[in-house]
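Dear colleague,

I am handing over the structure we spoke about, with the sequence alongside. Please have it open while you read, as the notes below go through it part by part.

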Amino acid sequence: MSSITVTPSRRGFSFGEYVTCLNGIVWREALRFLHQRERFVSALVRPLVWLFIFAAGFRQVLGISIIPPYETYILYEVYIAPGLMAMIQLFNGMQSSLSMVYDREMGNMRTLLVSPLPRGYLLFCKLLAGTAVSLLQVYAFLVIAWLWDIAPPPIGYLTVLPALVLSGLMLGALGMLISSGIKQLENFAGVMNFVIFPMFFASSALYPLWRVQEGSPMLYYVCQLNPFTHAVELIRFALYGQINWISLGVVAGCTAVFMIGAILAYDPSRGLARRGPAGGET
Amino acid sequence: MWRRYLLSGTVLWLAAAAPASAFMAYVSNEKGNTVSVIDTDSWTVTKTIKVGQRPRGIEFSRDGKFVMVAVGDDDTIQVIDAKKQEVVDTLPSGPDPELFAQDAAGKVMYVANENDNTVTVIDLEKRARIGDVQVGVEPEGMTISPDGKILINTSETTNMAHFIDTSTRQIVANVLVDARPRFAEFKHDGSELWISSEIGGTVSIIDPVKHVVTGKVTFSIPGLRSEAIQPVGIGMTKDDKTAFVALGPANRVAVVDAVSHKVTKYLLVGQRVWHMAFTPDEKYLLVTNGVSNDVSVIDVAAQKVIKTIQVGELPWGVTIAQP
């Protein structure tokens, strides 16, 4: 009789094991980010182009109104800074989803998904890793913006952090949900046209909503329904030490919905898009 | 030992948390015929006082007990009791008084009467008119040299700064400046006299002894036509190192290095920024924005606009003191 002992399946994992898993995923994402310097540069160049070039031509767009959370008149570049911070996170979220499609095509995702930890937790770790990377990008942008005389109150740099984490999670979860429906890397261009551009332009990132309302009441309602608008406003208020409760509710709610959607979509037995085994398409 | 640390820590925390002593800012609303009172602690309008027609020049009396406001269309200066916050008396000016200046002791007041080409001299103790000085057309800017010997009056149409000897009440010199001189301000050490020219778009720096223009501050804001840059109010810090100049419809206050006479920064404020006043501790500078009906608060050390407060219709002048 062989003396092989079979370890009974464990009912749970220790806290340390969860942390090790999170550490591994975050570290991999960070390494991937650090090894792609072009990605870091391009993530910064994009909002800076908007800030330095676009904002210069649109100084009059704000008119003479004072809009909360601002307590006085502001220049246009000050107005669009929170929108550009959210844009960094939007692109980062989509980039993460792109990397998930890539991982699936290349078979790397199998390594991730064979982990015995719950699938939902793995996806959440991936989401956190992506959000952490977006925070690095946003704070680098804030440093450059500060040199450009866009200086929120010092406490704002701290109070904006939870808002950035939440909006990063929401946009990352959205990216993840979308990535579950994309079978090939080539299809990703569609995400640019159907997700990123409409979300960014139909929001309060570039112009205050009262301006949009003046131009088109219909578009105003679309902007109001756009979760990206609320991510921008959450960041904008937090940057000035205030909380926009409606935006907080919308962003938290959307994060939960997108996250649950992504977990369901990545569950092989219930996936929204029927796929073969992970990493097996190629 | 730790108790002592705890106690001193608490005392420090309390000292830091205690609000700075509040000042009261009085803003004249030219079109609203009111004076708005702003608490500089809460930055809110605590009272609106009904005054005469077209209130413009406004200043605290030297003892801080009264606020005097020139009500141009009523041809008089009204006196507001700072405690009661209501008009209690009037002073006899000439027709259409606009700006005025008091001597250091607060005994004599000089009023520029825009429609009469005169400066009226008023004895503040007797509250009586004691003389007139004939000056150029449309007199406006008024200031007194730190030694009290020279009164400066600018006349908007004659484009001159008139130097008036306060003892003889005679003009001793006239200096030609750029078009439409609005406001005059001495450096605290008396070494320079600054005159803003609304249409000329400059601030002339005058040597008060030689009576010559020695330099000019010029302004340029990207994206704005030069006609939109119309300097009016000037505020000089007590150390004479920094000056703030309100640029009217440019909606900006220029921060000027008062030594090199170069603009270092433009601060965005409301529409048609006109006059300004420092809080007595010089922590804040309040500027009136006529067209947008508000007052912007500038953090002087940080050189940043921190707040804008709605006041009455067409705010024009502002004065601040301890209540």
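In what follows, helices and strands are DSSP runs, a helix having at least four residues, and they are numbered from the N terminus. Just after helix 3 of chain A, and with that numbering in mind, you will find Gly107(A), which takes a positive phi of about 90°. Please keep in mind throughout that this is a predicted model.

On confidence, the predictor gives the complex an ipTM of 0.73 and a pTM of 0.81. For chain B the mean pLDDT is 91, and 93% of the residues of chain B reach 70 or more. Residues 14-19 of chain B are the stretch to treat with caution, since their pLDDT is below 50, and beyond near neighbours in sequence this stretch has one contact in the model.

Chain A

Chain A contains eleven helices and zero strands, and of its 282 residues, 38% are buried. Among the contacts in chain A with a separation of 6 or more, 80% are between residues 24 or more positions apart.

Helix 3, which covers residues 76-106 of chain A, can be checked against its expected length: at 1.5 Å a residue its 31 residues should span 45 Å, and because its end C-alpha atoms are 44 Å apart, the two values agree. Helix 3 of chain A nevertheless bends by about 30° at Pro82(A). Is this helix mostly covered or mostly uncovered? Helix 3 of chain A is mostly covered, with 24 of its 31 residues buried.

Ahead of that helix, in the loop between helix 2 (37-57) and helix 3 of chain A, sits Pro69(A), and the peptide bond that leads from Pro68(A) to Pro69(A) is cis, with omega near 5°.

Further along the chain, Arg211(A) belongs to helix 8 (residues 209-215) of chain A. Arg211(A) has 16 other C-beta atoms within 10 Å and is therefore partly exposed, as a residue counts as buried if 20 or more lie within that distance and as exposed if 12 or fewer do. Between Arg211(A) and Asn23(A), which are 188 residues apart along the chain, the C-alpha atoms are separated by 45 Å.

Chain B

Two arginines in chain B share a backbone feature that you may want to look at on screen. Arg54(B) has a phi near 60°, a positive value in a residue other than glycine, and its place is in the loop between strand 3 (44-50) and strand 4 (55-60) of chain B. Arg127(B), in the loop between strand 10 (118-123) and strand 11 (128-134) of chain B, has a phi near 55°, again positive in a residue other than glycine. As for their surroundings, Arg54(B) counts as buried because it has 20 C-beta neighbours inside 10 Å, whereas Arg127(B) is partly exposed, with 14 other C-beta atoms within 10 Å.

Another loop residue is Gln230(B), found between strand 19 (212-218) and strand 20 (234-236) of chain B. Why does Gln230(B) count as buried? It does so because 23 other C-beta atoms lie within 10 Å. Leaving aside neighbours within four places in sequence, Gln230(B) is in contact with Glu198(B), Gly201(B), Leu247(B), Gly248(B), Pro249(B) and Ala250(B). From Gln230(B) to Asn251(B), 21 residues apart in sequence, the C-alpha to C-alpha distance is 9.6 Å.

Cores and interface

The largest nonpolar core has 94 residues, and those with the most contacts inside it are Val253(B) and Leu286(B). The largest share of this core, six residues, is supplied by strand 5 (residues 66-71) of chain B. Apart from it lies another core, of 68 residues, which includes Leu84(A), Phe141(A), Phe200(A) and Cys254(A). Returning to Leu286(B), and not counting residues up to four places away in sequence, the residues that Leu286(B) touches are Ala25(B), Met276(B), Ala277(B), Val295(B), Val297(B), Val318(B) and Ile320(B).

How many residues does each chain give to the contact between them? Chain A gives eight residues and chain B gives eleven. On the side of chain A that touches chain B, five residues are nonpolar, one is polar and two are charged.

With best wishes

Key: Residues numbered from 1 in each chain as written. Chains lettered and ligands numbered in written order. Predicted model: local features only at pLDDT ≥ 70, side-chain atom pairs only at ≥ 80, totals over all residues. Contact = placed C-beta atoms within 7 Å. Nonpolar A, V, L, I, M, F, W, Y, C, P; charged D, E, K, R; others polar. pLDDT = per-residue confidence, 0-100. Expected span 1.5 Å × (residues − 1). Bend = angle between axes of the 7 residues up to and from the residue. Core = buried A, V, L, I, M, F, W, Y, C linked by C-beta atoms within 7 Å.
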